[in-house]
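Work through the three exercises below with the model open. Each task is followed by a stepwise solution.

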Amino acid sequence: MLIVMKNDATEGQVQAVIREIQKMGYRGVPMPGAIRTAVCIIGNKGPVDATQLLSLEGVREAIPVTKPYKLVSRETHPESSVISVGDVKIGGGEPVIIAGPCAVESEEQALTIATLVKEHGARVFRGGAFKPRTSPYSFQGLGEKGLKILQKVRRETGLLIATEAIDSESLSLVAGYADIVQIGARNMQNYSLLRLAGQLNKPVLLKRGLAATIDEWLMAAEYIMSEGNTRVILCERGIRTFSDNTRNTLDLSAIPSIREASHLPIIVDPSHAAGRRDYVIPLSRGAIAVGADGLLIEVHHDPAHALSDGMQSLYPQQFAELMDEIGRLKQFL
Ligand code: PEP
Ligand code: MN
């Protein structure tokens, strides 16, 4: 249920609605909009009787929310959310490019790649210090040493940093270094981790689970938002299907579906979807054409010797080409 306030409702009237909702045994979350504020009721198991709330000063109407997710829903927040991170705005109309290696391997590697992706227009540097690998024998990341390298990358290049947390221990470390905390596909339904990410004062990049439906993905985002963190960025990274021509199947239909269902920004990761670098540029074009708010691209200066995901990492020259194409595509659109 959404309690919509009148255009001229005061902060005191909004607070009175929240107090009344608490008395009913639920929680009221204010959702400020461009024209008016709404208060979303969460924590109810069944229908809510809004009679008492409708009699309060400043209340305009009560709208039932038909979806199982509430805070992420466009029903409760009709305007698209723009997530500010430093001076970067994700969802503001200009696609934001997040680029870097799969994993931070060394200071030299990270700085080399960061310098070149910055030169071509990336705004955020990515690189894992904690890697969720399929094999326990594969490179697992440099841990906190990797985070310190990322801190140096931020200091030397001015790029913002996005990096993954894989469990509660790494989350508290990552939160101290990252500008954007990534929750990976394998952890999309790790509900205790999502709740902890919801308590951070950092934007969270939530990747779609390997076999998650749009509703399951949005419910995962709801976990984060229900803890108070409103800065959630969704990332489509391909799902598991019977097709084996690519590592995963990039679901570009997720972008209009998310747009319709949610106000949260959505970016696309064609690298993990394709699993091969020669498909990354064409899939990126598709993602921008379908309206993605940004791209997450793996880039390596020496992919043949990358410690993870070398096959899908773009060569520097290909990244330059991609950025050039995106620039021209934006003008065309
Ligand atoms: C990554 O971004 O490096 C990663 C592990 O991605 P995903 O969770 O989408 O597999
Ligand atoms: Mn990777």
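**Exercise 1. Find the residue that stands opposite Met-31, and describe the strands involved.**

Step 1. This is a predicted model. In it, Met-31 stands opposite Ala-38 in β3.
Step 2. Take the strand pair next. Strand β2 covers residues 27–32 and strand β3 residues 37–42. They run antiparallel, joined by 6 bridges.
Step 3. Check the connection. β2 and β3 form a hairpin, with 4 residues between them.

**Exercise 2. Identify the donors of the manganese ion (ligand 2) and place them along the chain.**

Step 1. List the donors: Cys-102 (SG), His-272 (NE2), Glu-298 (OE) and Asp-309 (OD). They coordinate the ion at 2.0 to 2.3 Å.
Step 2. Write their spacing along the chain: C-x169-H-x25-E-x10-D.
Step 3. Locate two of them. Cys-102 is in the loop between β7 (96–100) and α3 (107–119), while Glu-298 is in strand β14 (residues 294–298). The pair is 196 residues apart and links distant parts of the chain.
Step 4. Apply the cut-off for buried, under 20% relative accessible area. Cys-102 has 3%, so Cys-102 is buried. Glu-298 has 0%, so Glu-298 is buried as well.

**Exercise 3. Which polar side-chain atoms lie by the oxygen atoms of ligand 1, and how much of the ligand does the protein bury?**

Step 1. Collect the surrounding residues. Among them are Arg-126, Lys-131, Glu-164, Lys-207 and His-272.
Step 2. Read the distances to an oxygen atom of ligand 1. A polar side-chain atom of Arg-126 lies at 2.7 Å. For an N or O atom in the side chain of Lys-131, the distance is 2.8 Å. For His-272, it is 3.3 Å.
Step 3. Turn to the area. Taken alone, ligand 1 exposes 300 Å², and the protein buries 97% of that.

Key: Residues are numbered from 1 along each chain as its sequence is written. Chains are lettered from A and ligands numbered from 1 in the order in which they are written. This is a predicted model: local features need pLDDT of at least 70, side-chain atom pairs count only at pLDDT 80 or more; totals for chains, interfaces and linings use all residues. Side-chain values use heavy atoms; hydrogens and water are left out. Two strands pair if DSSP finds at least two bridges between them. Helices (H or I, at least four residues) and strands (E, at least two) are DSSP runs, numbered from the N terminus. Donors are N, O and S atoms within 2.8 Å of the metal (3.2 Å for Na, K and Ca); water is not among the atoms, so sites may look incomplete. Buried means under 20% relative accessible area, exposed over 50%, partly exposed in between (1.4 Å probe, protein chains only). A residue is near a molecule or strand if one of its heavy atoms lies within 4 Å of it. A polar contact is a pair of N or O atoms within 3.5 Å; within protein, one must be able to donate a hydrogen and the other to accept it, and residues adjacent in sequence count only if both atoms are side-chain atoms. Accessible areas come from the Shrake-Rupley method with a 1.4 Å probe; for residues, only the protein chains shown count as cover.
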